[in-house]
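Here's a quick briefing to read alongside the model. Grab your viewer and follow along.

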Amino acid sequence: MKLSALSLVPVREGFTRKQAIDSVIREAKLAEELGFERFWIAEHHNIRAYASSATQILVSTLLHHTQRIKVGAGGVMLPNHSPLIVAEQYGTLATLFPNRVEIGVGRAKGTDPFTAAALRRQAASQTNHEQDVADLQTYFGKEQPNGINAYPGVETNVPIFVLGSSPASAYFAAEKGLPYAFASHFLPMQQKQAAEIYRQNFKPSEHCAKPYMVLCLNVNVAETDAEAHYTNSTLRQLFLNEQRGENVFVKQPVENMDSLYYSAGERHSIDLQSGGIFIGSKDRVTKQYADFMDEYAELVDEVMLTGYIFDEEKWLDSLRKFTEIVKSY
């Protein structure tokens, strides 16, 4: 099973955004050292907890600080951008760093409606996601005589992944013959259904000869089960604050989450949203990974790791431990 990583460049409470970016540089370097396939940055806007709004700049920064690993945006939210500008930006990066740049494209806005309007692109209801993806493929492909070209994106053939969190995106990725990345790190409920739909309906294309499925999951491997569940309260608080519309920084872990929930229903909602996770001691996660492989080995080609552990060193150690588990499987 190939491994990769996704970061939203979390801004921990009490830390600066510069420290958040420095932290993700260290994470990308570790991912390369561990042999990860790719490292992606996810686009979000007007959210205090994340410093990942200008993905193309962050991707460029990470490319400059690494040597081999593929780096991309996972994703570029197409309702916010002109496909031509995306092709120009990432085509420029691909020209500077051949065979190392890629993008995942999504149809969501990665923000609230007011911020989306401030981004000065037409409303999502007025965009055509299928056409935007087709335009990107054209701009990254052969030069169009007397047409519109994305210089220097022309002929860079930047790989495009379809992002999604529902079966609808699985059908789209399969129909277009593109690799598919599913967001189980925040909506894990339909991951197996989406994987099966994608496999069963995939149509080979010039871009992808056979289905390629990436499953993005949270990971938290600690010395003990208790420590993992304690540090995971940072992730649960993040989900809780997002559901309530509270725009705050990434919070420190707490001993007991119970007093933070308004209701049993709210707790149940967070349980569902945070269900896509490998969590516990190394022994516990080893068993979880074995169970995962029993169920998904034929459906998933790559696991993309993400997570929100407040202590950076513990987060990096979690990545190391999980990599050891996968390599010893």
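**Ends, helix pairs and the core**

Lys327 is exposed, with its relative accessible area at 61%. Keep in mind that this is a predicted model. The notes below start from that lysine, then go through a buried glutamate, two helix pairs and the largest nonpolar core.

**Lys327 and Glu266**

- Lys327 sits in helix H12, which covers residues 312-328.
- Lys327 has Lys2 at 9.7 Å, C-alpha to C-alpha, even though 325 residues separate the two in sequence.
- Glu266 belongs to helix H10, residues 264-273.
- Is Glu266 buried or exposed? It counts as buried because its relative accessibility is 13%, and the cut-off for buried is under 20%.
- If you skip neighbours within four places in sequence, Glu266 is in contact with Leu240, Arg244, Leu260 and Tyr261.

**H6 against H7**

- Helix H6 (residues 167-176) and helix H7 (residues 191-201) have axes that come within 8 Å and cross at roughly 20°.
- That makes the two helices, H6 and H7, roughly parallel to each other, since angles under 35 degrees count that way.
- The crossing of H6 past H7 is right-handed.
- On the H6 side, the residues that meet H7 are Pro167, Ala170, Tyr171, Ala173 and Ala174. Their partners in H7 are Gln193, Ala194, Ile197, Tyr198 and Asn201.
- Sorted by type, the residues of the H6 contact with H7 come out as 8 nonpolar, 2 polar and no charged.

**H2 against H3**

- Helix H2 (residues 55-65) packs with helix H3 (residues 83-96) at an angle of about 5°, and their axes are 11 Å apart.
- H2 and H3 are therefore roughly parallel to each other.
- H2 brings Thr55, Gln56, Val59, Ser60 and Leu63 to the contact, while H3 brings Gln89, Tyr90 and Leu93.
- What's the mix of residue types where H2 meets H3? It's 4 nonpolar, 4 polar and no charged.

**The nonpolar core**

- The largest nonpolar core has 104 residues.
- Which residues have the most contacts inside that core? They are Phe39, Tyr90, Ile103, Leu136, Tyr180, Phe292 and Phe322.
- Strand E7 (residues 213-222) gives this core its largest share, at 8 residues.
- As background, nonpolar side chains in soluble globular proteins tend to be buried together.
- Tyr90 turns up twice: it is on the H3 side of the contact with H2, and it is on the list of residues with the most contacts inside the core.
- Leaving out neighbours within four places in sequence, Phe292 is in contact with Met1, Leu215, Leu217, Phe278, Ala297 and Val303.

Notes. Residues numbered from 1 in each chain as written. Predicted model: local features only at pLDDT ≥ 70, side-chain atom pairs only at ≥ 80, totals over all residues. Heavy atoms only, no water. Axes fitted to C-alpha atoms, helices over the stretch in contact; angles between N-to-C directions. Helix = DSSP H or I, 4+ residues; strand = E, 2+ residues; numbered from the N terminus. Parallel < 35°, antiparallel > 145°, perpendicular 65-115°, else oblique. Left-handed = near helix turned anticlockwise from the far one by under 90°. Contact = heavy atoms within 4.5 Å. Nonpolar A, V, L, I, M, F, W, Y, C, P; charged D, E, K, R; others polar. Core = buried A, V, L, I, M, F, W, Y, C linked by side-chain atoms within 4.5 Å. Buried < 20%, exposed > 50% of the residue type's maximum accessible area, 1.4 Å probe, protein only.
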